[in-house]
Every structure is written in structure tokens, then in C-alpha cells.
Amino acid sequence: MELVIGTKRWSSWSLRPWLALKRAGAAFTEIEVELRRGEATGDDIGRISPSRLAPALRDGDLVIWDSLAICEYLAERYPDAKLWPDDPVLRALGRSACAEMHSGFQALRGECPMALDEPPRALDLSEATQKNVRRIVALWTGLLARSHGPFLLGDWSIADAFYTPVATRFRTYDVRLADYGDAGAAQGYSDRLLQTPEFLEWERAAQAG
């Protein structure tokens, strides 16, 4: 398998399926394409991805060009990896959380892009972004209370892959979750995501590049 990813410092959408591939123990080759080069970036990614966007996974003749679709494919292809929990209720809640991340939180994404090469700095967040943060804190807190942790659905899952880039944003932009209703569970979870071996591997490569 080959995974086309964008620049590791910035590409939050590439990080998500990359983490799932690592957790699944899948053998794959990564093809990193430099972002922010206009048409040249699209041309390079387009050699594999019909959308001309990263990430895209090629498995033989099959090409999958969306982060969530890639992760779902991996969950089916590697069932022993337990990328989704066996509990159907937790699985449904996890899919809901991923779908909300996939289609929402535009203010946070735009105002606080993933930037693994930047030191922490505080921002004066807009009300729209603060609303996004409050919702994420509530989502995390609710799922952790239901599953009892340490990750959103108990064991690590695709849901955690989807929120790992959010944890990097909170760190980079010095977002203090206690200011958004967190009693400690969400902050602890955010810190935990950034200490997983898979994320640390990605981060080292991003900062080295």
C-alpha cells in the first residue's frame, strides 16, 4: 500500500489515516508531497489521487481519497487491529464524533491550523473558535465518562486519530481547556494523544523535515 500525504508539519488530514495505518501494523510506503505550492502540489498529488488532495491510499488497483474513508477501509481490512470497538453503541458514538470533526469546526481549523514546527503561542480566539473549543471539550468529556478512557472509546480507535490534530492545535495555540468547562479529563486526554508512540514518530519526522 502507498499513502500520499501532505507536508507533515501542516497536514492534519494526512495524519489521521497515517496513525490508523500505524496502529493496524500495516506495511505501507508514504509519499510526502510539499503543500502550499499551488498547482504544482495538486499535480503531484494527482498522480495518485483523483481529487488532487492529500491524503490518498493506493492498495493495488484501489485508490481511496478521503481520510475517513481510508480509516473505515483499514478497520475492515485489519479487523484484528480493533480500530473500532466491538461495542456497537461506542462504535456508533465514535463514528458520530469522527463525522462531526470531518464536517465541522471550521473556525478552529481556519484560525488555528496544525503547525508542528511552531512554538506554543497564545491567540486571542474569535467567539466562533471558542464555541468550537467548548463543543470539543463537551464531546471529549462525555465520551470519556461513558467509556472510562483512557481514550475516547476506551482503547485507542479511529476517533482518537481524528482528534489528535486538534490536540496539537490546543498545544500550539496555548488553548487552556479549563477555560472552556473542562474539569481535567479533556486536558488529560489531549496530553495523552500527544504522547502516543505513533504521534511522536510523526512529530519527529515533521520537525526534522
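User: Is Phe105 buried or exposed?
Analyst: Buried, in this predicted model. Phe105 has a relative accessible area of 5%, and the cut-off for buried is under 20%.

User: Where does Phe105 lie?
Analyst: In the loop between helix H4 (88-103) and helix H5 (106-111).

User: And what is the phi of Phe105?
Analyst: Positive, about 60 degrees, although Phe105 is not a glycine.

User: Which sign of phi do most residues other than glycine have?
Analyst: Negative.

User: OK, Arg52 next. What is its phi?
Analyst: About 65 degrees, so positive, and Arg52 is not a glycine either.

User: How exposed is Arg52?
Analyst: Partly exposed. Its relative accessible area is 33%. That falls between the 20% and 50% cut-offs.

User: Where is the place of Arg52?
Analyst: In the loop between H2 and E3. Pro55 lies in that loop too, which runs between helix H2 (39-45) and strand E3 (56-59).

User: Switching to peptide bonds. What kind of bond joins Ala54 and Pro55?
Analyst: A cis peptide bond, with omega about 5 degrees.

User: What are most peptide bonds, cis or trans?
Analyst: Trans.

User: Now Gly149 and Pro150. What joins them?
Analyst: A cis peptide bond again, and omega is about 5 degrees here as well.

User: Where is Pro150 found?
Analyst: In the loop between helix H6 (127-147) and helix H7 (158-172).

User: Back to the H2 to E3 loop. What should I look at there?
Analyst: Two items. Arg52 has the positive phi. Pro55 takes part in the cis bond with Ala54.

Definitions and conventions
Residues are numbered from 1 along each chain as its sequence is written. This is a predicted model: local features need pLDDT of at least 70, side-chain atom pairs count only at pLDDT 80 or more; totals for chains, interfaces and linings use all residues. Side-chain values use heavy atoms; hydrogens and water are left out. Helices (H or I, at least four residues) and strands (E, at least two) are DSSP runs, numbered from the N terminus. Buried means under 20% relative accessible area, exposed over 50%, partly exposed in between (1.4 Å probe, protein chains only).
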